[in-house]
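The following paragraphs explain the fold and the charged side-chain contacts of the structure shown here.

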Amino acid sequence: SPGPRPRRQSPRTPPQPPQSPQQRAAPPTTPQRVPPPRSDKRQLVERRQLEEAQRRVLLEREQRRELQLRLQQAQEQRRLEEEHERRRLVRHMRAAEEERLRHELEQRQRLAAGVVEAERQRAALLHERREE
């Protein structure tokens, strides 16, 4: 918005030549500049401008509050999503570890079963030979 408007200068009347010798001797007096009284219309315009400026300030404040709230909500949403993803990854890693351990256990059980079976067969062979 543009700055304050320059005040209107009232048209000056040319000074009248002094009539009497006393007036001629006295130094010319310059009238004090008194701001002209504001007209009702001008006061109304200024009041409206002030009210409009106050409305804009309140609106901007409300918009900043709204943006701040939306930012906080977005940050909270992101935090929740990151937490959810972290938990999903942890579950996935645990499941993968469990699967790996289960596979290793099965291999060892098969190996142990094979060893046990081999031991049984060897014992049976030894038993057969003793009987012969």
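At 37% relative accessibility, Glu97 is classed as partly exposed in this predicted model, since partly exposed residues fall between the 20% and 50% limits. Arg100, with a relative accessibility of 44%, is also partly exposed. A salt bridge joins Glu97 to Arg100, with 2.9 Å between the closest N and O atoms. Both residues belong to helix 2 and stand 3 residues apart, about one turn of the helix. The contact is part of a wider arrangement: Glu97, Arg100, Glu104 and Arg108 are connected in a network of salt bridges.

Another pair in this helix is formed by Arg86 and Glu83, whose side chains meet in a salt bridge with an N to O distance of 2.9 Å. Because Arg86 and Glu83 are 3 residues apart in helix 2, which spans residues 40-131, about one helical turn separates them. Arg86 is partly exposed at 45% relative accessible area, and Glu83 is partly exposed at 26%.

Further along the chain, Arg120 and Glu117 form a salt bridge whose closest N and O atoms are 2.6 Å apart. Arg120 and Glu117 likewise lie in helix 2, 3 residues apart, about one turn of the helix. Glu117 has a relative accessible area of 32% and is partly exposed.

These contacts may be placed in the context of the whole model. The protein chain contains 2 helices and 0 strands, and 0% of its 132 residues count as buried. The chain exposes about 13700 Å², of which carbon and sulfur atoms supply 54%. Across the whole structure, 15 salt bridges are found.

Notes
Residues numbered from 1 in each chain as written. Predicted model: local features only at pLDDT ≥ 70, side-chain atom pairs only at ≥ 80, totals over all residues. Heavy atoms only, no water. Helix = DSSP H or I, 4+ residues; strand = E, 2+ residues; numbered from the N terminus. Buried < 20%, exposed > 50% of the residue type's maximum accessible area, 1.4 Å probe, protein only. Areas by Shrake-Rupley, 256 points an atom, 1.4 Å probe, with all protein chains shown as cover. Salt bridge = Lys/Arg side-chain N within 4 Å of Asp/Glu carboxyl O.
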